[in-house]
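Colleague: Could you take a close look at one chain of this model for me, and walk me through how it is put together and where its parts meet? A connected account would be lovely.

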Amino acid sequence: MQQTKWLLLGSSLGALALLATAALQENVFREWRRIQAEAHAADAPIPVHLRQVVNTSLGIADRCVSCHVAMGPGDQEVAGPGMAAHPPVVHDPGEYGCTTCHGGQGRATDKADAHGTVPFWPGPMLPRGMSEAGCGTCHTAIAVPQMEGLRRARVAFTRLDCLSCHRVDGRGGTLRPDLGGMQGPDLSRVGTGGYDSKWYDSHLKKSSAPGPWRSAFGSISESDRALLATYLATRVAAPRLVEAKSVFHATGCLGCHKVSGVGGDDGPDLTRAGEKDPGRADFAAVSGPRTLAGWFDEHVRAPAAVVAGSLMPAPPVSAAEVEALTFYTLSLRRRDIAGSYLPRDRMRVARFGEREFTSDGATLFGAFCSGCHGRAGQGHRSPGLPTFPSVANPDFLAVAPDALIAETIRRGRPGRRMRAWGDGSTGLRDEDVPVLVSHLRSLAGVPAPVVDPQPPRWVNGDRAEGERLFSMICAGCHGARGEGGEGLALNNPVLQQFATDTYFVETISRGRRGTAMAAFTEPAPTRPTLSRQEIESIVTFIRTWGVTP
Amino acid sequence: MRRDGAPALGQFAHNLREAPRRLREAAVRGGRPTTDRTRSTFVFNNVFLHLHAVRTHRWSLRWTTTAGLGIASVAAFLITLVTGILLMFYYKPYPDVAYDSMKDIHFVVPTGRFVRNLHRWAANVMVVAVILHMARTFYTAAYRAPREFNWLVGMALLVTTLGLSFTGYLLPWDQLAYWAITIGANIAQSPREVTDALGVTQAFDPGGLQRLLLLGSDTVGEEALIRFYLLHVILLPLIAGMLMAVHIWRIRKDGGLAKPPDVDARLGDPPPATYPVFTEAPTKTYHLAAIVRGRTPAVGGGPENTVPSMPHLFYAEAAVLMLTLLICMALSLVSDAPLKELANPLVPENPAKAPWYFLGLQELVAFSAFMGGIGIPTIVLVGLGLIPFLDREQAGTGVWFGGPGGWPLVRNSIAVGFAAALILESFAIQFGWLREWVPGIPQLVITAVNPGTVLTFVYAAYSLWLVRLFNSARAGALGLFTCFLCGFVVLTVIGTYFRGPNWQFYWSPADWPVH
């Protein structure tokens with residue numbers, strides 16, 4: 001009885017003490033309370049209470065402003081240790097909240113939880129310097145050309161001295177009294193808001209009258225105007241993200257990955273790759289920081305090391321380009337938002353068929369083809385993967401008619417990694433194919449071969465002799481049944497259907513410079529020289545694998 | 001009532017002065033509980049207290065008799081009740097909104113995190129306490145006549161407790177909750193394994209019906225959430241509360257806790273500090289004893305070794321209550337209740353694990369869904385329910401490990417129970433099971449012969465052998481119960497700590513493949 005009483009007293013006191021501890025811990029010793037207690041506005045302390053930005057249309061309740069008080073609506077003048085107002089941005093943080101752009105856990109009130117660097121919070125904050133990736137939560141930049149195209153457009157804008165009057169992304173537009181410069185409209189957002197399409201005429205008109213315009217503006221060539229249009233279309237107040245996207249459009253990732261329904265399907269869909277949960281990523285092979293950005297960085301550098309069994313060729317890109325690809329991938333995120341908040345650019349892509357890339361040949365090739373065929377079409381070798389052919393090889397372009405290249409793009413190579421791009425599921429349109437073909441020709445500077453007077457099938461050589469020669473000379477690279485190996489597959493039905501006999505004969509005769517395929521009509525000490533008749537016999541044998549048209 | 005001759009106003013003033021005293025008397029009828037008699041009155045005049053007997057045997061008050069486990073279960077239930085009501089102020093039972101409200105409770109509601117932790121820890125403590133309480137009851141042979149019915153009520157309470165815990169698991173609406181309930185619902189569906197094998201699922205599908213009743217839909221969604229919420233906050237607590245009242249009241253009706261026949265000799269004389277017996281001459285005789293059938297406390301024994309429940313028993317109960325609260329609070333301060341990311345039906349957790357007390361079953365489900373989810377639990381429950389009707393012996397009642405064999409038998413059974421479970425599990429993990437050896441084997445064979453059923457068979461055979469060896473049903477029951485307890489521990493530990501993605505065996509979660 002006495003023991004029981006003591007036990008009751010002890011446990012009751014203990015429970016009371018723990019209750020007090022919990023109450024103090026949860027209500028008094030919170031970090032945000034301390035921060036607010038140290039802050040002041042106009043030399044008067046601010047009331048200490050939980051602050052938040054709530055926007056039900058965006059589905060947020062962001063309590064970030066409980067610590068970052070000065071970033072909250074109407075609290076810009078609050079000062080305190082480590083406190084700063086939000087830099088001016090397009091979207092008012094008081095309306096759009098914090099996590100919409102920056103990621104993180106808005107409902108949390110502890111630093112680690114709020115910044116999302118805890119287990120089981122799938123969307124940690126975007127890294128410093130990559131905040132623009134948050135734009136991708138709602139927006140998408142339209143008509144972004146590949147890297148080189150964007151660079152040329154940017155250079156044109158600078159070269160034509162537009163910056164002397166206009167301000168873009170925080171540069172230019174300063175008044176230059178000695179030169180009679182003037183302040184033009186800020187063009188940082190014209191890609192979303194649009195601009196006067198007749199600006200050139202009105203500029204010219206103004207410059208024809210006497211005044212400061214006369215010395216400030218002169219005529220601009222049509223090609224330069226096209227470059228300016230390209231540049232202005234990409235001004236969406238997210239210059240670094242657009243730069244990153246242009247790198248993405250030069251690296252050919254869409255050859256295997258889909259983004260918003262555009263691209264191949266060899267690799268995973270990247271539409272929401274930026275939302276990948278770092279808690280589910282394998283960091284075993286990642287040497288850098290164990291963040292999603294670190295994972296993407298390492299994955300671009302060595303795909304197969306990070307994802308076991310990956311068939312992705314490592315793109316030959318610079319360190320800066322790796323960072324750009326990571327940056328862009330982080331921007332691939334989506335949020336279910338109310339229709340009133342759905343931005344125009346996303347609508348234009350989703351409903352009106354506008355594209356996120358420009359439709360010029362270089363960008364199409366860069367976005368879809370360069371991942372495997374190389375940025376200059378030089379082909380690509382990756383350890384453990386079959387050779388990706390050099391499509392810009394001058395010897396190939398000299399003998400391949402446009403129809404063969406176009407049909408190869410449309411129908412692909414069944415059974416190989418070259419998929420059929422004309423099947424309507426890739427986002428590559430039929431009108432893009434001739435653009436791509438002419439881009440290939442421009443890469444090597446080789447025009448299409450003159451129209452072949454021969455019918456598609458004309459060789460009639462000795463089949464048995466051809467087989468003997470093939471197994472002796474060709475099978476080493478092309479496989480005994482033409483199934484390919486080091487060399488290309490010759491038994492591929494699309495090749496057999498659309499390549500003419502002339503194409504085969506010419507290719508064997510001329511070879512392909514820079515590859516193991518030699519010109520077999522020219523004598524060499526290391527291999528037999530083939531006569532025209534022998535070549536025709538070989539082609540006759542090769543033709544036995546194809547269907548007769 | 002008006003006193004004659006007194007002025008009404010004076011009467012009013014008098015009544016007003018007397019009101020506090022009368023209020024006290026109205027609340028505590030029978031006077032202040034200072035004498036044995038008023039203490040008894042205090043107990044049996046109170047609807048809650050009179051679930052207890054007015055006097056408690058000294059045997060029942062020893063810590064070694066019960067370890068306070070039953071009261072600890074009640075205490076944990078009361079803690080979950082209070083914290084649960086607090087949580088209901090903020091919780092919104094609708095998908096996604098539910099998750100947001102959990103975040104609010106965690107981060108913004110004053111002391112919300114602590115209250116939620118307390119709720120979660122008390123729920124777990126309750127499951128553990130209930131299981132241990134059942135073990136205590138079994139090992140002291142307290143289920144024997146006349147307590148068979150109370151044993152069954154206790155089993156119903158065990159099932160209700162698990163149900164309460166399980167239904168609460170879904171409410172946070174995070175990944176953990178979503179996939180644990182998905183697993184649970186699939187276990188409910190497991191009779192399909194048999195109906196599928198027999199090819200009669202189209203016509204007769206009890207598994208699918210069971211799952212549909214549980215979820216109200218084909219998948220875990222808002223219907224399931226509302227269902228689980230309703231079960232969790234209204235239906236099951238009501239059932240549990242009523243069953244508890246019956247359970248405690250039956251103790252009194254069955255003559256207090258089970259005691260060995262020679263209890264007085266074992267206890268010796270009461271210590272001098274014990275309150276004196278009958279400080280006031282009894283005003284009633286035991287007339288009632290003549291008309292009440294069965295063994296009421298005073299029949300066939302004097303009041304010598306009993307003490308008034310008020311205060312002896314109530315101090316002990318209060319101490320256990322506060323101790324349980326203290327333990328739950330300490331755990332709540334040390335460890336936060338988990339809250340994973342928002343439930344996403346498109347991203348299955350791998351491994352998706354049920355709550356820990358079902359992981360033993362899930363381990364068996366991995367071999368055969370029907371046997372693990374329905375067959376073996378039913379066998380175990382029916383077996384437990386039959387125990388008091390099969391064991392009609394008297395030896396060892398009220399004594400730990402009482403009965404033929406005693407502690408050595410239990411010790412050996414622990415060895416057998418652990419060994420059999422470990423060997424079978426190791427074998428199945430190392431070499432696979434029938435499906436791996438004979439790919440085309442019919443499902444019904446696997447349903448009948450799998451590690452779970454083999455383990456059950458081994459335990460049953462061992463227990464029958466014990467019955468023969470000791471010529472006693474109690475010895476067999478001791479062996480069987482011990483074995484099943486050990487098997488439960490082994491399977492639960494393996495399911496909790498050593499199963500990774502695709503239910504593969506891993507020594508440590510660090511070895512789990514990612515992706």
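Modeller: Happy to! Let's start inside chain B, where the centres of domain 1 and domain 2, taken over C-alpha atoms, are separated by 25 Å; please keep in mind that this is a predicted model. Domain 1 of chain B covers 47-349, and domain 2 of chain B covers 364-515. Where the two touch, domain 1 of chain B brings 23 residues to the contact and domain 2 of chain B brings 29. On the domain 1 side, the elements that supply at least two residues each are α7, α8 (148-170) and α10 (191-198) of chain B. By class, that side of domain 1 of chain B holds 17 nonpolar, two polar and four charged residues.

Stepping back to the whole of chain B, you will find 22 helices and two strands. Its C-alpha trace spans about 100 × 60 × 45 Å along the principal axes. Of the 515 residues in chain B, 42% are buried. Among contacts in chain B with a separation of 6 or more, 76% are between residues 24 or more positions apart.

Now for the partner chain. The contact between the chains draws 26 residues from chain B and 27 residues from chain A. On the chain B side, two or more residues come from each of α6 (97-107), α7 (112-139) and α15 (309-334). The largest share is that of α15(B), with twelve residues. Sorted by class, the side of chain B that touches chain A has 17 nonpolar, three polar and six charged residues. One helix to look at twice is α7 of chain B: it is listed for the side facing chain A, and also for the domain 1 side that touches domain 2 of chain B.

How values were computed: Residues numbered from 1 in each chain as written. Chains lettered and ligands numbered in written order. Predicted model: local features only at pLDDT ≥ 70, side-chain atom pairs only at ≥ 80, totals over all residues. Contact = placed C-beta atoms within 7 Å. Helix = DSSP H or I, 4+ residues; strand = E, 2+ residues; numbered from the N terminus. Nonpolar A, V, L, I, M, F, W, Y, C, P; charged D, E, K, R; others polar. Buried ≥ 20, exposed ≤ 12 C-beta atoms within 10 Å, placed from the backbone. Domains from an automatic or database assignment.
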